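Please examine the model shown below. Some questions and replies on its packing follow.

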Amino acid sequence: MTAPVTDRASLIRKALLLAYFIIAWDVIEGMVAVTAGILANSVALIGFGIDSGIEVFAAIVTAWYLRGNGQRDKKLPLRLIAVSFFVLAAYVGFKAISDLLTGSQAEPSTIGIVWSFVALAIMVPIALVQRKTGIALNNKVIISQADQTWLSNYLSLSLLIGLGVNALWGWWWADPIVALVLAFYSISEGVEAWEEAEKLET
């Protein structure tokens, strides 16, 4: 069931504003996370920063789609979002396995821990509203982008756990293990987005 025409216009504007907000937030988040990750030699933090960059890409794709007043082919944006999931999985998976094999250890990162809390506090409500908007519009592109926002939230929580146990008990391997969990989840989301695109008619 889709929303009436007047409501749809309002919902599309809301979805567009959410996409713009995510772009602005994730640019800042990415810079903070990558900087903190480099300083702490944390693959999970760097992966989190790269995820922010990929989220920016997905939000730009969504905004581009919505600026076309919903008349564009949904297959292309869904496929682009799917590819962004695969890129994230490839980088994070490779780096996590490399760190596990070489024993590369991350330093405790207070900035990373604090930022994870901040990210969850801001982005969980955004993801909820975004998904609700996508469902109301019955729009797979918006829903897929909301799934990527949720992926970032899961990463924030996983990052918090990984950095926390490393800081408390020195479990250096928690950082790449958390990153591997993210990589597998990212592949799953990418496959789902691609399959959704294949189900759509051009």
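**Aromatic pair and core**

Me: Is Trp115 buried or exposed?
Reply: This is a predicted model, in which local features need pLDDT of at least 70, side-chain atom pairs count only at pLDDT 80 or more, and totals for chains, interfaces and linings use all residues. Residues are numbered from 1 along each chain as its sequence is written, and side-chain values use heavy atoms, without hydrogens and water. Buried means under 20% relative accessible area, exposed over 50% and partly exposed in between (1.4 Å probe, protein chains only). Trp115 has a relative accessible area of 18%, so Trp115 is buried.

Me: Which residue forms an aromatic pair with Trp115?
Reply: Rings of Phe, Tyr and Trp (its six-membered ring) pair if their centres lie within 6.5 Å; planes under 30 degrees apart count as stacked, over 60 as edge-to-face and the rest as tilted. At 5.4 Å centre to centre and 10° between the planes, the pair is stacked, and the partner of Trp115 is Trp25.

Me: Which helix gives the most to the largest nonpolar core?
Reply: A nonpolar core is a set of buried Ala, Val, Leu, Ile, Met, Phe, Trp, Tyr and Cys residues joined through side-chain atoms within 4.5 Å. The largest one has 44 residues, with Leu45 and Leu66 among those that touch the most other members. Helices are DSSP runs (H or I, at least four residues), numbered from the N terminus. Each of α1 (5-40), α2 (43-67), α3 (75-102), α4 (110-137), α5 (140-169) and α6 (174-199) supplies at least two residues, and the helix that gives the most, with 12 residues, is α2.

Me: Over the ring of which residue does the charged end of Arg79 sit?
Reply: A charge sits over a ring if NZ of Lys or CZ of Arg is within 6 Å of the ring centre and within 35 degrees of the ring normal. The charged end of Arg79 is 5.4 Å from the centre of the ring, which belongs to Trp194.
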